[in-house]
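Please look over the chain shown below before reading on, and keep the display open while you follow the text.

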Amino acid sequence: SLASCAPETAGPALTAALDDADPKVVSAALASLGSLRYRGAVPAIVAKAAPGSLWAQEAVSALGLIGGEAAVSFLSGIDYENPELLVPALAALGDTRDAQASAALKRFSGSANKAVRMQVLDSLARISMTDNFIAIHSFTYDRDADIRLKAVSCLAEAEGSTVSSASGRLLNLMKGKNKEMRSAALQSFARIKAPNMYYVVIETLKKGRIPAAEAVDALGEIGEPEAFDAIVSAKGVDDTDKLRALGKLRARNEEPCKYATINLYLGEPLIRMAAIEAMGSLCPGRTFKRETIALATEPARMLSPFLGDSDSETRDAAALSLGLMGYAGALPHLSWMLTEAEGLKKINIMNSISHISGAKAVALLSERIGSKDLVIAMKAIDLLAGMPAPEAPAALLAALKKNGRDIRMAIMPALGKLKYQPAFDVLLESLDGGDAGEQAAAAYALGASGDSRALKPLKKAALDRDGRVRRAAA
């Protein structure tokens, strides 16, 4: 609970808890101090990171989150004398996002230990510093194939990189002799969205330097609608891979949709499944950013019979795609799927439901706000805030009144951005009577609402004793 308070308020109490007799209390205090990034606790945490300490790895992780000169200095001093702490310390140095940590990381880039080199590479990629980009590129020559491939991926993801520097090095790797490196470079090249990369991949496909299936997948990853002809005409690539690549285009125009629809009935089972999944992305009818696109009646009519297919996977795939197309007839099956699913699958189903207008779709998502899984609850709030259905803001307001603090803090900014006037009085009450976190969320929401009535209470909140409230009100 203290982790949700202001660092200057909770930090001293949590630091004192490091001396508690219960090991679980000490572990919880370390985690909370790391979350708060309370630098006043660094000396006490360093003591817990001593060799042989029960909490050594937890303390090292907390120091990485807290960062700062003292934390970086201690983490940089951990050497081979403490082998069990070396890899966690290297990971923590990456967590600091501190340029000073780079020098310590590079000391271990030539280690004989593969795990150490792999962690150095990962940590360097998380520190925004141009010099690190060069160091990461040097790992593409590492003696271990796994590290070389990881380095190629990091070139596209390193925080210190730019599109131009990454694309140049990746292009060189795509021309190399190693087949695996060429393929890895192609996939990374597709992710960085470099200028003219579509034409580069097309040229690579023509020359046959990369397996056609991988080039087609990269074209889908790039997402240019113009890639349709190149994907469909690619030789040596089966229809399943072509359809999966087309599904990534999100072109939503007639030709890709027609291609998927044809394969819906002419293809074998695997091709048919790929066509069903692609249609949800390719066929018009999706609602996006509160703008409704007219439902593509013909593709939906052709796909809807698969809701009654004898194969459960086919039924589920059809329901998900029809939902993305805005087809309300898929709601009963999506509702059943929602009760059975967990984790990412549940989120995908909720996303499909959010593209369907109407009170029933809103009600299904509103019920998820009360989920014990906070990730599911937050996703439901986010999806409702983007739905064009007029019932969505009212559902968020109702959820605001009956849920706990964390949920209320997530709903208030959404209502503010929606400029939903019936929420004004409730937001004003939260600004006056909630804890500091709720007051800050309410202040932000009132500002986002653009309602001139909020000006006076926001001026008052800008003088609040809590810094979070003052910043949000300002």
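The report that follows goes from the whole chain to some of its helices and then to single residues.

**The chain as a whole**

The model is a predicted one, and every value in this report was computed from it. The secondary structure of the chain comes to 30 helices and 2 strands. Of the 474 residues in the chain, 50% are buried. If we take the contacts between residues at least 6 apart in sequence, 59% of these join residues that are at least 24 apart.

**Three helices and their spans**

An α-helix has 3.6 residues a turn, so residues three or four places apart point the same way. The table sets out three helices of the chain, with the distance between the end C-alpha atoms and the span expected at 1.5 Å a residue.

| Helix | Residues | Number of residues | First to last C-alpha | Expected span |
|---|---|---|---|---|
| α8 | 114–125 | 12 residues | 17 Å | 16 Å |
| α17 | 254–266 | 13 residues | 18 Å | 18 Å |
| α25 | 391–402 | 12 residues | 17 Å | 16 Å |

For α8, the distance is close to the expected value, and the same wording holds for α25, whose 17 Å is close to the 16 Å expected. For α17, the end C-alpha atoms are 18 Å apart, which agrees with the expected span.

Which residues of α8 are buried? They are V116, R117, Q119, V120, L121, S123, L124 and A125. At the start of α8, a side-chain oxygen of N113 comes to within 2.8 Å of the backbone nitrogen of A115.

In α25, the buried residues are A392, P393, A395, L396, L397, A399 and L400. These buried residues pack against four helices, namely α23 (359–368), α24 (374–386), α26 (405–418) and α27 (424–433).

In α17, the buried residues are P256, C257, Y259, A260, T261, N263 and L264. One of them, T261, counts as buried because its relative accessibility is 10%, which is under the limit of 20%. Apart from its neighbours within four places in sequence, T261 is in contact with M279 and M302.

**A pair of packed helices**

Two packed helices are described by the angle between their axes and the distance between the axes. Helix α26 and helix α28 (residues 436–449) pack at an angle of about 10°, and their axes are 7 Å apart. Angles under 35 degrees count as roughly parallel, and α26 and α28 are therefore roughly parallel to each other. On the side of α26, the contact is made by R405, R408, M409, M412, P413, G416 and K417, while α28 contributes G437, E438, A441, A442, Y444, A445, A448 and S449. The residues of this contact divide into 8 nonpolar, 3 polar and 4 charged.

Helix α28 also holds Q439, which is buried, with a relative accessible area of 13%. Q439 and E429 are 10 residues apart along the chain, and their C-alpha atoms are separated by 9.1 Å.

**A buried valine in α2**

Is V26, a residue of helix α2 (residues 23–36), buried or exposed? At 0% relative accessibility, V26 counts as buried. Leaving aside its neighbours within four places in sequence, V26 is in contact with A17, L18, D20, K48 and W55. V26 and E58 are 32 residues apart in sequence, and their C-alpha atoms are 9.7 Å apart in space.

**Three arginines in loops**

R37 lies in the loop between α2 and α3 (42–48), and R97 is found in the loop between α6 (83–96) and α7 (100–106). R37 is not a glycine, yet its phi is positive, at about 55°. Phi of R97 is near 55°, which is likewise a positive value in a residue other than glycine. R37 counts as partly exposed at 49% relative accessibility, and R97 counts as partly exposed at 44%.

R107 has its place in the loop between α7 and α8, and with a relative accessible area of 47% R107 is partly exposed. What does R107 touch, once its neighbours within four places in sequence are left aside? R107 is in contact with S76 and D79, and a polar atom of the R107 side chain lies 2.9 Å from the backbone oxygen of S76. R107 and V120 are 13 residues apart in sequence and 9.2 Å apart in space, C-alpha to C-alpha, and V120 is one of the buried residues of α8.

Note on methods: Residues are numbered from 1 along each chain as its sequence is written. This is a predicted model: local features need pLDDT of at least 70, side-chain atom pairs count only at pLDDT 80 or more; totals for chains, interfaces and linings use all residues. Side-chain values use heavy atoms; hydrogens and water are left out. The expected span of a helix is 1.5 Å times one less than its number of residues. Buried means under 20% relative accessible area, exposed over 50%, partly exposed in between (1.4 Å probe, protein chains only). A polar contact is a pair of N or O atoms within 3.5 Å; within protein, one must be able to donate a hydrogen and the other to accept it, and residues adjacent in sequence count only if both atoms are side-chain atoms. Contact means heavy atoms within 4.5 Å. Axes are lines fitted to C-alpha atoms, for helices over the stretch in contact, and angles run from 0 to 180 degrees between N-to-C directions. Angles under 35 degrees count as roughly parallel, over 145 as roughly antiparallel, 65 to 115 as roughly perpendicular and the rest as oblique. Ala, Val, Leu, Ile, Met, Phe, Trp, Tyr, Cys and Pro count as nonpolar, Asp, Glu, Lys and Arg as charged, and the others, Gly among them, as polar.
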